[in-house]
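Here are my notes for anyone opening this one for the first time. Have the viewer ready and follow along point by point.

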Amino acid sequence: MSPDVMTWTLVLLLVAPLQPAADRCGPEARAALDAVTAAAVRGDYAEAARQAATGDAATSGCDTLRLTSWSWHGWNAALAAADRGGTPEALAPVTAAVEAVTALGPPRSPAAYVAALLRAAAAAAQDERDEMRVWLEEARAISTRLALIAAAPAVPLGIDLAEGELWHGVDDYELAEAAFTRALGAAETPAAWRGVARARDRRGNRTGACEAYRRVADALAAQATPGPLAAEARGYLLLCSR
């Protein structure tokens, strides 16, 4: 085999795991995925999880929807586990989700990104910051690699938004604000502005928090279903007039 052929063979082997599987997602599954995305953008993570689970139960053959459902199940379970001290029992649903998504794709795939992110969230629930950082770096590396050939993964969240949520969860509000600000650079969503607002508030920057919550309120004002962030923003903005 010539050196050129060997080189191209190696390239194909490296890139092959990144290629998307055959699309078996019908109109119902795609509608469910759109509903999940809309809920996540407006920061309604509970609704995103509900839409994903409902859509997954109602359809079959759509691996993307199955991955989305497990990702939100695991992400919200990790957040709930943090409130319960990150015990093994509380983290059991996260472990189950990691196992499920790992079976849905090879290394360097969207499924691997979700698995790394869920492991980071599990570490955050236990306040294991060093381990959390390791898994966030792994997730970011996968996200960067995938973005070279397609859109960066955003399930359950894009890497910057997810990193902001996790740093906020372990009370490092400076790193949280930095991550949320990077997320805004990619897309000015209500969820990202809300993250900035919360981080600024915890850092004692009420003026900056008020500005960010105004962005949340403005972005959600025209939404038919504004969700819980609209009420959160309105409540905080009452403090801004004092």
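1. Count off the bonded cysteines in sequence order and the pairing reads 1-2, 3-4. Keep in mind that this is a predicted model. Searching the whole structure turns up two disulfides, and each gets its own point below.

2. Start with the bond between C25 and C62, where the sulfurs sit 2.1 Å apart. C25 is in the loop between α1 (3-15) and α2, while C62 is in the loop between α3 and α4, so the bond ties together parts that are 37 residues apart in sequence. The link of C25 and C62 is right-handed, with 80 degrees about the S-S bond.

3. Are those two cysteines buried or exposed? C25 has a relative accessible area of 12%, and the cut-off for buried is under 20%, so C25 is buried. C62 comes in at 5% relative accessibility and therefore counts as buried.

4. The other bond joins C210 to C240, with an S to S distance of 1.9 Å. Its torsion about the S-S bond is about -95 degrees, so this disulfide is left-handed. The pair links distant parts of the chain: C210 belongs to helix α11 (residues 206-220) and C240 to helix α12 (residues 228-240), 30 residues apart. Both C210 and C240 are buried.

5. Now take a look at helix α4 (residues 63-83). Does its length make sense? What should its 21 residues span? At 1.5 Å a residue the expected figure is 30 Å, and the end C-alpha atoms of α4 are 31 Å apart, which agrees. After α4 comes G85, which has a positive phi, near 85 degrees.

6. Which residues of α4 are buried? They are L65, L67, T68, S69, S71, W72, G74, W75, A77, A78 and A81. Together, the buried residues of α4 pack against α2 (27-41), α3 (45-58), α5 (88-102), α6 and α8 (159-169).

7. T68 is worth a click as one example from helix α4. Its relative accessibility is 3%, so T68 counts as buried. Leaving aside residues up to four places away in sequence, T68 touches L33, V36, A52 and V155.

8. On to the nonpolar cores. The largest has 66 residues, and the members touching the most others are W72, W75, L117, M132, L136, L161 and L166. Helix α6 (residues 110-125) gives this core its largest share, 14 residues. Another core, of six residues, lies apart from it; A29, L33, C62 and L65 are among its members. So C62 turns up twice in this note, because C62 is also the buried partner of C25.

9. To see how the largest core is put together, try L117. Which residues does L117 touch, not counting those up to four places away in sequence? The list is W75, L136, A139, P156, L157, I159 and A162. W75 and L136 are, like L117, among the core members with the most contacts to other members.

10. Last, a pocket. The second largest one has a volume of about 230 Å³. Lining it are A78, L79, A82, D83, A121, A124, A125, E165, L166, H168, G169 and R198. The elements contributing two or more residues to that lining are α4, α6 and α8. Two names here have come up already: A78 is one of the buried residues of α4, and L166 is one of the well-connected members of the largest nonpolar core.

Technical notes:
Residues numbered from 1 in each chain as written. Predicted model: local features only at pLDDT ≥ 70, side-chain atom pairs only at ≥ 80, totals over all residues. Heavy atoms only, no water. Core = buried A, V, L, I, M, F, W, Y, C linked by side-chain atoms within 4.5 Å. Buried < 20%, exposed > 50% of the residue type's maximum accessible area, 1.4 Å probe, protein only. Helix = DSSP H or I, 4+ residues; strand = E, 2+ residues; numbered from the N terminus. Contact = heavy atoms within 4.5 Å. Expected span 1.5 Å × (residues − 1). Disulfide = S-S within 2.5 Å. 1 Å grid on protein atoms, 1.4 Å probe; cavity = no way out; pocket = protein on both sides within 12 Å on 5 of 7 lines; lining within 4 Å. Points joined across faces, edges and corners; volume = space filled by probe spheres on them.
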